[in-house]
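Grab a pencil and open the viewer. Below are some exercises to work through, each with a solution.

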Amino acid sequence: MHAQGGLPIPDITHINQPYWYGEGGDMDPAEFGLMRARELEAEIDRLGEDNVAAFIGEPIQGAGGVVIPPKTYWPEIQRICRERNILLIADEVICGFGRTGNWFGSQTFNFKPDLMPIAKGLSSGYLPIGAVVVSEKVAKGFIEHGGEFYHGFTYSAHPAACAAALANLEIIENERLPERVANDTGLYLAEKWKMLGEHPLVGEARICGLVGALELSPDKAHRASFEAERGTVGTICRDHCFESGLVMRHVGDSMIISPPLVITRSEVDELIEKAHRALDMTAADVTAQGIK
Ligand SMILES: Cc1ncc(COP(=O)(O)O)c(C=O)c1O
């Protein structure tokens, strides 16, 4: 995607991700989280504070491989943004609406964004709808400059999508799905998911609420990557999952899940059993094909 997109886009710069498994080396995860957050401070200094409008990130990076930051990361990012009067944007498109066991991922990671793009869980995908939630401070800015945010899309505020979103939110609220994730199914899945971490092919099993990843590794003690082209082993594992009806994607050699918020304990058992079987079959293929 990046290669086709004519990147880099001017006026956007990046800092490194808080990806302890892949990049944290011997550091303590909490220290690593602080170090990566402080890269923001250094980058703002390099650019000049007055040239930085906002910082944007996902509470948990989803399609990027379910990168769950150390607990220290977001509060430090928030401190830096607040001190320098820089807007903090939490992309809640994946983390929002119960996925992490709270209504929003920013609650799980203990920070308060100024803006939140939202989409998927807003309608649970039944109809397409997206939005941006703004804080009082940002809203006031618009009010002071003309009264509203002048924009428009062909399908802005489409009544059918809005009706579906409202019905969906009512169900999430009435069935207390974020609480169910936090206190029941998420805990149950986490316990079983961690057991998958014992598998010889798995370097790390991480999970938060109902979003998780398994890092496939040829040498789990050293969190090593395969020498084979990135994604070779992940694709093998993905295919074994799909054969058994388990939708587990791969991002490189990380396997990622994001099951429905209404998943039951017995469906969690089925998910784990299928994942375990796919790992066994992948390990057998890795040995048979001599993949290093
Ligand atoms: C975290 C995140 N943000 C934004 C998007 C794009 O959202 P939209 O298609 O609503 O613009 C995605 C799509 O997968 C996503 O995962």
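The exercises cover the ligand site, a surface patch and some salt bridges.

Before you start: this is a predicted model, where local features need pLDDT of at least 70, side-chain atom pairs count only at pLDDT 80 or more, and totals for chains, interfaces and linings use all residues. Residues are numbered from 1 along each chain as its sequence is written, and side-chain values use heavy atoms, with hydrogens and water left out.

**Exercise 1. Work out which residues surround the ligand and which polar contacts it makes.**

Step 1: List the shell. E58, D91, V93, I94, A119 and K120 surround the ligand (a heavy atom within 4 Å).

Step 2: Sort these residues. The shell has three nonpolar, no polar and three charged residues, with Ala, Val and Ile counted as nonpolar and Asp, Glu and Lys as charged.

Step 3: Look for polar contacts, meaning pairs of N or O atoms within 3.5 Å. The side chain of D91 puts an N or O atom 2.6 Å from a ligand nitrogen, and the side chain of K120 has one 2.8 Å from a ligand oxygen.

Step 4: Check the cover. On its own the ligand has 400 Å² of accessible area (Shrake-Rupley, 1.4 Å probe), and the protein covers 46% of that.

**Exercise 2. Find the nonpolar surface patch that includes V132.**

Step 1: Apply the patch rule: residues with over 30% relative accessible area and no salt bridge, nonpolar side chains being joined within 5 Å.

Step 2: Name the members. V132, V134, F142 and F149 make up the patch, with about 340 Å² of accessible area together.

Step 3: Place V132. This residue sits in strand 4 (residues 131-134), a DSSP run of E with at least two residues. V132 counts as exposed (over 50%) because its relative accessibility is 52%.

**Exercise 3. Trace the salt bridges of R206, then that of K192 with D269.**

Step 1: Recall the idea. Side chains of opposite charge can pair when their charged atoms come close. The rule here is a side-chain nitrogen of Lys or Arg within 4 Å of a carboxyl oxygen of Asp or Glu, and the count comes to 20 salt bridges.

Step 2: Start at R206. Its side chain meets E204 at 2.7 Å, N to O, and E215 at 2.9 Å. R206 is buried (under 20%) because its relative accessibility is 8%; E204 is buried too, as is E215, at 4%.

Step 3: Move to K192 and D269, whose closest N and O atoms are 3.6 Å apart. K192 lies in helix 8 (residues 177-196) and D269 in helix 10 (residues 265-288), 77 residues apart.

Key: Polar contact = N/O pair within 3.5 Å; in protein donor to acceptor, adjacent residues only side chain to side chain. Patch = residues over 30% accessible without salt bridge, like charges linked within 9 Å, V, L, I, M, F, W, Y side chains within 5 Å. Helix = DSSP H or I, 4+ residues; strand = E, 2+ residues; numbered from the N terminus. Buried < 20%, exposed > 50% of the residue type's maximum accessible area, 1.4 Å probe, protein only.
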